[in-house]
Amino acid sequence: MKKHITLILILCIGINTLPYAQENLLINTYNRETKSLNGYWHYIVDPYENGFYNYRYEPFENQKVPGKGAFFTNSKPENKADLVEYDFDKSDSIRVPGDWNTQKEKLFYYEGTIWYKKSFDYQVSKKENRVFVYFEASNYQTDVYFNGKKLGVHRGGFTPFNFEITDLLKEKDNFLVIKVDNKRKKEGVPTLNTDWWNYGGITRDVKLVETPSNYIQDYFIHLDPNDNTKILGQVTINAIPKTTQKVEVIIPELNINKSLETNKEGVGSFEIVSDKIQYWSVKNPNLYKVTIKSNDEEIIDQIGFRTIKTNGSKIELNGENIFLRGISIHEESLLHGGRGSTKEDAEQLLLLAKELGCNYVRLAHYPHNEHMVRLADKMGMLVWEENPVYWTIMWENQETYANAQNQLSEVINRDKNRASVIIWSMANETPTSDARNVFLTKLAKYTREKDPTRLISAALEQSDYKENKFVRTINDPFADQVDILSFNQYIGWYDGLPEKCETISWKIEQDKPILISEFGAGAKKGLYGSKEERWTEEFQEHLYTETLKMIDQIDQLQGFSPWVLVDFRSPRRVLPEIQDGWNRKGLVSEKGKKKKAFFVLKSFYENKEKAVKN
Ligand code: GCB
């Protein structure tokens with residue numbers, strides 16, 4: 001019943017008032033029974049948005065009868081005289097998931113709208129079941145239409161969203177039409193200006209998820225941050241009509257079988273005390289099989305239990321001090337170039353980080369795919385996840401804030417049961433101002449309320465201490481809001497030459513752990529020369545050597561994540577023969593070849609691991 005009301009409401013209130021995404025984001029589609037819609041989809045490139053607006057530039061979808069010109073109607077001529085000026089089935093195809101830039105040469109620099117169409121048959125296994133279409137991500141604005149009707153809009157290129165299609169689904173000849181627009185927007189998150197490639201398209205998996213009519217929508221199961229013998233949990237059942245439901249949470253290895261009942265809103269909580277919990281850690285990434293069982297379905301997850309806290313200037317994992325041997329990573333595939341999306345893409349990057357000696361990765365500058373955090377859970381790799389609030393967002397625009405908060409809430413929803421994820425980063429290198437401080441403080445408050453089990457940070461910037469250019473400090477009001485004080489610094493690259501590191505000292509007054517989120521230098525793989533010569537591997541190696549000496553002197557230093565594991569595409573980086581469209585600060589080239597500096601960091605991490613023993 002509720003489905004019908006929701007649909008009618010959507011149709012009546014008009015499309016423009018649709019929210020960013022839906023409240024009913026499904027948890028753990030990773031382990032549910034799903035039907036993949038990956039594969040080849042027909043597509044139409046539409047720079048003028050001809051399939052969206054009529055010639056008076058009014059959206060077709062706002063008209064009572066949109067007409068065949070609207071691409072989402074997926075029309076065909078009804079007779080030989082009929083005029084329809086597009087045909088999805090005769091148009092070229094493209095792979096989903098995948099960015100369009102690296103799949104089609106003609107689309108390499110394209111920023112605009114592309115329409116996708118996929119037809120499919122579907123047989124529900126029980127007639128009262130519900131069906132959702134779930135997108136792991138699509139960049140940037142996605143308008144979704146199913147069998148000629150609009151389901152909604154999603155903004156943001158790196159987080160999941162889903163729509164219910166139960167009432168529109170047929171056994172035969174369904175068609176899903178997706179309009180993806182990756183034009184950069186000033187009010188967007190991120191905004192117009194970044195230092196990475198704006199890969200467009202349906203960049204992650206698409207699937208159909210069939211659930212019973214009352215389904216397990218969400219759960220959050222974790223250790224009590226203040227009592228590590230207590231597992232706390234919350235389960236949400238989406239029931240029609242809203243009724244209380246019985247749920248069991250079963251963890252066989254701990255002999256736990258806990259029953260609970262949800263309230264009328266569908267939410268139920270529980271507490272379990274156990275003194276037998278083997279904590280998840282870097283050395284022993286222990287994951288428990290957890291089954292969440294309602295009257296109508298059963299979902300299995302693998303969940304690790306750990307605490308992460310700060311204590312003065314220390315970071316403590318399960319109560320023990322830990323030094324984070326990290327590296328920053330962009331989500332680009334070493335296997336096929338372009339946006340990474342598969343398990344193999346994720347695995348390659350994490351294995352490379354392991355080889356470097358890391359126990360921690362900073363997933364920059366946006367949420368990466370779910371494979372990354374699932375694998376990190378298994379491998380014992382700690383993770384920093386980041387919201388794409390980058391550089392100069394429109395701080396005073398309420399829509400921009402709502403969008404930033406929504407993207408963050410979607411990644412928290414997806415990953416809140418992953419033990420590996422220990423830090424939510426609000427932003428990267430944002431210039432201080434009152435409006436920015438208010439924006440970020442509100443975001444941090446929201447995050448703490450939504451997830452009290454993790455630490456909050458942001459990649460800030462450093463500045464001169466009381467105008468002394470040789471002493472550096474953090475002078476940023478947002479530093480008061482974070483648990484971990486992180487900052488990017490490029491002494492020796494943008495700020496003098498590597499020798500400058502010797503002349504700099506640090507006076508950081510906040511009593512918080514320090515995690516340097518970036519430092520680095522560009523080098524072209526295979527370009528050898530003297531350490532004074534920019535772009536050579538020797539220059540980069542020298543900068544690492546000097547920087548490591550410099551930062552090792554900072555008392556509160558609890559780790560760092562240099563910039564960056566692998567060279568990545570960026571339109572800002574145009575220097576011929578050196579950059580050619582790539583940011584060259586990788587320790588490894590885009591072809592997977594290690595540069596000299598890789599080994600400098602590796603040996604630093606080996607020594608650190610011996611010294612700190614975790
Ligand atoms: C930074 C940014 C990062 C850039 C990097 C660079 O500070 O956070 O996104 O790619 O510097 O290479 O300049």
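Author: Let's pin down "cavity" before anything else: on a 1 Å grid over the protein atoms alone, a cavity is a set of points where a 1.4 Å probe fits but cannot get out, and its lining residues have an atom within 4 Å of a point. Its volume is the space filled by probe spheres set on the points, with grid points joined across faces, edges and corners. This is a predicted model, where local features need pLDDT of at least 70, side-chain atom pairs count only at pLDDT 80 or more, and totals for chains, interfaces and linings use all residues. Residues are numbered from 1 along each chain as its sequence is written, and side-chain values use heavy atoms, with hydrogens and water left out.

Reader: OK, how many cavities of 30 Å³ or more does the structure hold, and what is the volume of the second largest?

Author: There are three at 30 Å³ or more. The second largest comes out at about 90 Å³. It is lined by 13 residues, and Ile221, His222, Gly304, Arg306 and Arg454 are the closest to its centre.

Reader: Which domains does the lining of that second largest cavity draw on?

Author: Domain 2 (215-303) and domain 3 (310-521 + 557-567 + 597-613) each give at least three residues; the bounds come from an automatic or database domain assignment. Strand E11 (residues 215-224) supplies the largest share of this lining, three residues. Helices (H or I, at least four residues) and strands (E, at least two) are DSSP runs, numbered from the N terminus. By class, the second cavity is lined by five nonpolar, four polar and four charged residues. Here Ala, Val, Leu, Ile, Met, Phe, Trp, Tyr, Cys and Pro count as nonpolar, Asp, Glu, Lys and Arg as charged, and the others, Gly among them, as polar.

Reader: And what is the volume of the largest cavity?

Author: About 160 Å³. Its lining has 15 residues, and Asn139, Arg184, Pro190, Thr191 and Asn198 are the closest to the centre. The split there is six nonpolar, five polar and four charged.

Reader: Pro190 caught my eye. What kind of peptide bond joins Val189 and Pro190?

Author: A cis one, with omega at about 5 degrees. Pro190 is in the loop between strand E9 (174-181) and strand E10 (206-211). There is also a cis bond between Ala364 and His365, with omega of about -15 degrees. His365 is in the loop between strand E22 (360-363) and helix H3 (370-379).

Reader: Why point out bonds like these?

Author: Because most peptide bonds are trans, and along similar lines most residues other than glycine have a negative phi. Asp173 has a positive phi, near 55 degrees, and so does Glu577, at about 70 degrees.

Reader: Are Asp173 and Glu577 buried or exposed, and what makes them so?

Author: Buried means under 20% relative accessible area, exposed over 50%, and partly exposed in between (1.4 Å probe, protein chains only). Asp173 has 55%, so it is exposed. Glu577 has 67%, so it is exposed as well. Asp173 is in the loop between strand E8 (161-164) and E9, while Glu577 is in the loop between strand E32 (568-569) and strand E33 (582-583).

Reader: What about Trp41, buried or exposed?

Author: Trp41 has 0% relative accessibility, so it counts as buried. Trp41 is in strand E2 (residues 39-45). Leaving out residues up to four places away in sequence, it touches several others, including Asp92, Tyr116, Leu176, Ile202 and Val206; contact means heavy atoms within 4.5 Å.

Reader: Which residues is Ala479 in contact with?

Author: Setting aside neighbours within four places in sequence, Leu460, Ile474, Leu485, Gln510 and Lys512. Ala479 is in the loop between strand E27 (468-473) and strand E28 (485-488), and at 0% relative accessibility it counts as buried.

Reader: Last one: how many disulfides are there, and why is Cys358 not bonded to Cys501?

Author: Zero. A disulfide is a pair of cysteine sulfur atoms within 2.5 Å. The closest cysteine sulfur to that of Cys358 is in Cys501, 20 Å away, so it is too far for a bond. Both are buried, Cys358 at 3% and Cys501 at 2%.

Technical notes: 1 Å grid on protein atoms, 1.4 Å probe; cavity = no way out; pocket = protein on both sides within 12 Å on 5 of 7 lines; lining within 4 Å.
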